[in-house]
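Student: Before we begin, could you show me the structure and then take me through it step by step?

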Amino acid sequence: MRSSVSYILSHAPGESVMSHPDYAQHAQHHACLLVLVKGVGGMLKNFNKLWERIQRVNNIKVTDSSGQVRDIWVRYVRDYPVENNDWGDFQTHRRLLGLITLSKFNNQVELNEVCRVHESLKVKYSNTLYDSRAFMFGPVSNMKKPEQEPESYSLYDDDNTHKNGSSLGDKNSLPSEQTDSLSSTDSFPQSVSSNSSYPTQEEHFTTPSNFKTHAMFYGENDPIPDLEQNVADLINSLFWVVESKRLERSREKLEKVSLLLAPFEKKDFIGLDMDTRNSKKRCMGRITKNLADLTLQAGLVPESLSLYHSSAEILKAVNDWLWLAAAKEGLCAASAIILYPNLRSSTPLQRNASLQESSPYKAKALSLFQPSIDPFRKFKTSSPLRTPKTSSPVNPCELTPTSSESIETSSRQSETDNADSESLASSSDIEYQCPKSYLASELPSIPKQIPSQINIQYLLNPDDIAPKYRKAIIHYSKYQNAGIIETEACFKAARIAVEQNNSLNASSFLQNVIFINLTLSEQEKIQRFDTLAELYKEIGFLRKAAFCQRLAATRQVSPNNPNPDWQQCYYLMLHSFPGHKLSLDPNYVIQHQVGWPALQIQLLQELVVASRRMGHPALATRHMTFLLQTMWPHLSKQEHKDLAIQLQALSAQCEGGPVPLVLETGEVIPPANLTHVPQCTWFTPRPLPPARAPHLIKSKTQNCPFIFTPIHFGTLERNAKKNEGKMEYLWVEDDICEVQLKLTNPLPFELKVSNMRLLTSGIVFESIPETIILPPDSPTTVNLHGTPKEVGELQILGYSTHTLGVKSNCRLKNMPTPHKFPASYIIEVIPSLPTITIETTVTPSGNVSVSSSENVGSTTNISLYNGESTDCTIRITNTSNVAIEYLDLAIQSNMDNQLQSKIFQYSNDDIQSQLPIAPNDMATIAIKLYGEADFLDLGGVGGENLFPNSLTSNYPSRVGSPVPNAQNSLPTQGSNQHTSLSSGLIPNRTSGSFRSTNSHTTSWSAPISVMPPSRGRPVESQLIIRYSGGTSKEIHCRQSTLQINLELLPSVSITHWDVLPAEIPSQLYLVLDVTNLTSEEMDFHYAPSKHILIESKESCRVPVPLDRCPFNTTHDKAIEEGSEITESKSTNTGSSTNSLELMCSEHITNNTELRWHLMQSDISGRASVKGITLSQAMMDIVRMSPLNWEVSVNSQCIKPQEEYNCSAGECLSLGVAVWNHLNRPLHKLCLSVQFYQDYNNGVLSYKLDNRVATAGNNKVVLKTLAESAKAYHECTVVFLTPGEYKIDIQCSTTELIIEDAVTKEENSLIQTCTGEVSHVWRFIPPVAISVTD
Amino acid sequence: MAVCVAVIGKDNSPLYIGGVGNDTSTDNELSRQWLVHTALDALEERLATTNSNNTATNTNTSRTDLRDLYLGLLYSTDTHKIYGYVTNTRIKLVLVTSSTSPSGSNIRDAEVRTALRRLHALYADAICNPFHLPGEQITSQKFDKQVKNIMLNNV
């Protein structure tokens, strides 16, 4: 866009170079009247408010002399460099036309000063200023108007058409007051200040006499209702001046016009011939252009178009590029004004908007632009104001209004003291001045006006504006001194392009700005970049805007800048965030990961520096944290380390916290949380330890027959499953809970993380802070604890850390992506439950006393001798604040329930009676432990013997003599197999078939095989204590487990046993082989008065006297056992024998009382013969016989154990009487008497054919023996040789079979007697007869 | 001729930035990134306008528009000129020439065009690598070498 013939006409920058670009200019400002609004004197509190109110009066409608309504626009500025004023000929909208001062004074001195400043401002802009207003704010509200010199005289006397017609109230009042005050004050400021003394006369202020301005006085806090009115009045007056100028210009004769010059052109035309045709044309063109400007300002936009066009045509012909450019620009501006009327109206709206962020203009005008200009202005104020004007006569042909003004001014000043530029300006427009006509007032129309039909002919198309502007800019670029104009033109063009929504055009205009080489102060350069950034932003070139902002920021603090401003730098950088696709919110940045990391890192680092340098360490820390957090993946390991160290250094000045920082501009910097330092790779809440974990008191009722089923009925359950992060376990109120996390320190140095807590929501949760030191690069497991304080749902959101001097709230949902965590963990917290301590004491032994703390599955070790019992006391202390209202004891072990209940004995009622247990109270549970064991040693003897435990093999026994070889001959043979199996065999030696048929016989003795009594057996059992209390006692309970390791030591063992008939038939002896398995001497009590000492590991045989098992009881029992057995008795003798055996065994067990006492360690215990097995023969002894015997020899009754002596050959009469004690008759009894010799070596000789002679039957069959009936049989016997004889008397019944065959009883009699014997009763002990010679 | 070549992905993420400079210091690298980054605005805007033009005009012109992938000069600074090129898959190729160097100052548009076409071909070759994940940064050394060749040889 730059002209290739750059700078052809340019000179070295001269004094008149306009050097203060106004970046805020818009195209529509071409049509505006420029008014300076300035606060002077003390700072007004409501200055900004007033400024806004004034700005709102930016457009008034004036009816001109021809009755046409003119739209007049005003542009208010707060500051205006005088140099720019000099370009007023070139572009009239650059002229400052009006002045408004807002001033505050407290006393006369200040008032004088304020007036002086106002006047000096008027002087400063005297070249162009047409009118001014002064708003004075005094100390008191409702103050009287101070006396004032009648400034209106000077102003309006000359106008003299309207003096009395002034519609303004204060104007009217002025003269009246003036009369009062004139007498007292014709004074100068100094004198007045001395005269006026506050206390008395504080309401009487006088303006100095040389103050000739239209002034309005108010109290400082007055509402000032007529502010707008006054401003409008000012504008109205300005309009008429402009209008008059326009008319004047339009009536000038084109041949005689003078040449208008841009400030720097003056030298160029020295010595040129002005009378050439070219030169004349140039003058004409310039004048036309000037007229067009005025026309535009006067509100006649369409007219201005044609003027611009014609001037452009003229100027083009004479190659006056600068002015041609101006004409083109004017054309563009006018077209833009018509095409985009909203441009005009939108601007004031933007200015008034209170949203600072959205309104770039306001922010700039108030915060940036103003301070940057101020120092510069001060610098410039000293320059003589009138120098350019005094130099004006240099061009004699110049007849511009300005010059004429100045000339007139000087002349006027000489004439009258109160000469004023304003008055002069108005004086030249007398004919058209009509103050009454402002706004809607009617006026006599002045017939001299431009044709009313609008000439739109020259209106540019929207598409043509940009190329036209471009051409203009190219023309401008040919003049180095017009650089500012070019710059401004670029901005204006860009703004139009923005309005046209043509971003590319806008950007090309903006790009052009860069190439314009201007000697600017740093501040102006910054401002240029800033404006560029604003416009780039508007067209959506955010990156470009960010680039410009960053450039501006670096300029702010560049070494060339005499007064670096880090704060501005900081804000510029901050505002370039969107262009770098950065957000202030770190989570957003992490999630989206857009933008160029290298640039973002650079920007952030610069931002950190800027915020540190501007003295805001908190921000520095925050941004450094942000940098580390968001750019973590893009940084190298070394950078991680460096930045972390930097962060540490920064945070030493100001700690970073997870709170948003609010900047002065109202921007909020959200907190940045370090989740990368340390990195969390694992985060799970832990269930309570088993001892404190709540359990359901009643387990869920299974409504489904399957233990597991994948099918779930009902959608509720399925939904619950989907709830991610919902924990299955429960936490308990007021109970310490734990979350486990695994942290890794990614930095190469040791990292201290202090004050780690859990972040929760929902119910109140008290987190316990934790401090840890993490070694570099090794995962560390950390447990965080806390206590829920309420009941309900607890959400665990994350954790907070304090590391590198920064406090962070690391929320799970914001965790870096590689680790997937649910957004929160939800845990149900139930009401508090009691906790207990369990203390166990085992009394008798005293040596075991384990005190167990609350939760550890504590162990109590107890060793007991078999048969020993001891008391165990469990003391439960309630350590919580909740009373225990439910307590339940259960024992779990590897034993079956029956055995278990024998070892552990406790009273449930006793436990329940102690409830409830108040806090800090104690309850005692007594448990009796008994070393239950089977004392019968079955496994000890192995081998061949079928009856290992019956004493038969080793000891003589009259009953237990079922020798194998005697099987066939013995009548007991029928029941032989059965007895042998049930009494002698160890279950694992029994055949499978046996077990299958008769399994119930061995069921009760199952533990026998489990616990061999000969060595110590460990019994592991758990005492489960379930307890609860508080509000949730119905649902939940706690469970403590107490491990009890019981060692059961062998004490005594019964290796063999047998039964012997006692001397009295109602008694028997149970003969036991007792082995002392302990290492001590043992005192073994086996009967109330009998005891024996057994050495360690020694074995002893003891007879235990017992009553025989009463027949009735057995029978009754048999009946009780069930009708099945009694019924089956007829068919299956085996089962009946079994039940009988059970009865007998039980009888023996119950009646035997064995006690032992260890002499040395003073331990006593008991033993039992439980589980003793009996053979059929034994049972016969044990049981009271159903048949009562009475045996007599030679009519002499034989006592048991008695030996009868006789000589050989003697005839003995043996009488046997049998009573039936059964309550039913016995049938088919076979009573037999048999003689034999016992060799006492286990051999019985029945072959006594030649030694014994018997007379009478030795075998009788009794058909029926009725109940309680007696049968007597007698036979005679003669022993032929001396010796020891024994008589075996027995009675056998064949009843069952006989009953089957009642009809052939005769035939079967013998058979039954010899063969199928179902039961045999013997007379025990057998009668012994010793025969002597 | 060129001082920097950049390949920019569909989502405006940098895929490759290579440059020949006097030094390879980070400053140089950063300034290159700034240059290319700020060019993206203009590039996108130009894409958007051609698109809207395409929809507005008839299909005939749109076809020709589509065929021309070369976008021309995006913008220029005091020292550099930045040219753009967009593939049909919206991969942006940016070429930066230095206007201060004698070779780069008076470079012709056609030269840039051919250079960018060649770059396009190289890019296509590079992503034909089955091990290359589209959207990832281009780390191919061969590509780097060839691009540097384009930048240097084509003086």
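Student: What percentage of the 1333 residues in chain A is buried?

Tutor: This is a predicted model, in which local features need pLDDT of at least 70 and side-chain atom pairs count only at pLDDT 80 or more, while totals for chains, interfaces and linings use all residues. Residues are numbered from 1 along each chain as its sequence is written, chains are lettered from A and ligands numbered from 1 in the order in which they are written, and side-chain values use heavy atoms, with hydrogens and water left out. Buried means under 20% relative accessible area, exposed over 50% and partly exposed in between, with a 1.4 Å probe and protein chains only. By that rule the buried share of chain A is 54%.

Student: How many helices and strands does chain A have?

Tutor: Helices (H or I, at least four residues) and strands (E, at least two) are DSSP runs, numbered from the N terminus. Counted in this way, chain A has 38 helices and 47 strands.

Student: Among contacts in chain A between residues at least 6 apart in sequence, what percentage joins residues at least 24 apart?

Tutor: A contact here means heavy atoms within 4.5 Å. Of the contacts in chain A that span at least 6 residues in sequence, the share joining residues at least 24 apart is 77%.

Student: Where in chain A are the two residues of the salt bridge between Asp320(A) and Arg286(A)?

Tutor: A salt bridge is a side-chain nitrogen of Lys or Arg within 4 Å of a carboxyl oxygen of Asp or Glu, and in this pair the closest N and O atoms are 2.6 Å apart. The pair links distant parts of the chain, 34 residues apart. Asp320(A) counts as buried at 4% relative accessibility, and Arg286(A) is buried as well, at 0%. Asp320(A) is in the loop between helix H10 (301-317) and helix H11 (321-339), and Arg286(A) is in helix H9 (residues 277-297).

Student: Is Arg550(A), which meets Glu606(A) in a salt bridge, buried or exposed?

Tutor: The side chains of Glu606(A) and Arg550(A) meet at 2.9 Å, N to O, joining helix H24 (residues 597-613) to helix H21 (residues 542-556) across 56 residues. Glu606(A) has 16% relative accessibility and counts as buried. With a relative accessible area of 11%, Arg550(A) is likewise buried.

Student: What separates Glu113(A) and Arg116(A) within helix H3 of chain A?

Tutor: Their side chains form a salt bridge of 3.0 Å, N to O. Glu113(A) is partly exposed at 38% relative accessibility, and Arg116(A) is partly exposed at 48%. Because they lie three residues apart in helix H3 (residues 108-124), the separation is about one helical turn.

Student: How much area do chain B and chain A bury between them?

Tutor: Buried area is the accessible area (1.4 Å probe) that two parts lose on being put together, summed over both. At this interface, 22 residues of chain B are in contact with 20 residues of chain A. Carbon and sulfur atoms carry 66% of the buried area, and the total is about 2000 Å².

Student: Which residues in chain B lose the most area to chain A?

Tutor: Three residues together account for 37% of what the chain B side buries. One of them, Asp41(B), also forms a salt bridge with Arg543(A), with the closest N and O atoms 3.3 Å apart. The three are Trp34(B), His37(B) and Asp41(B).
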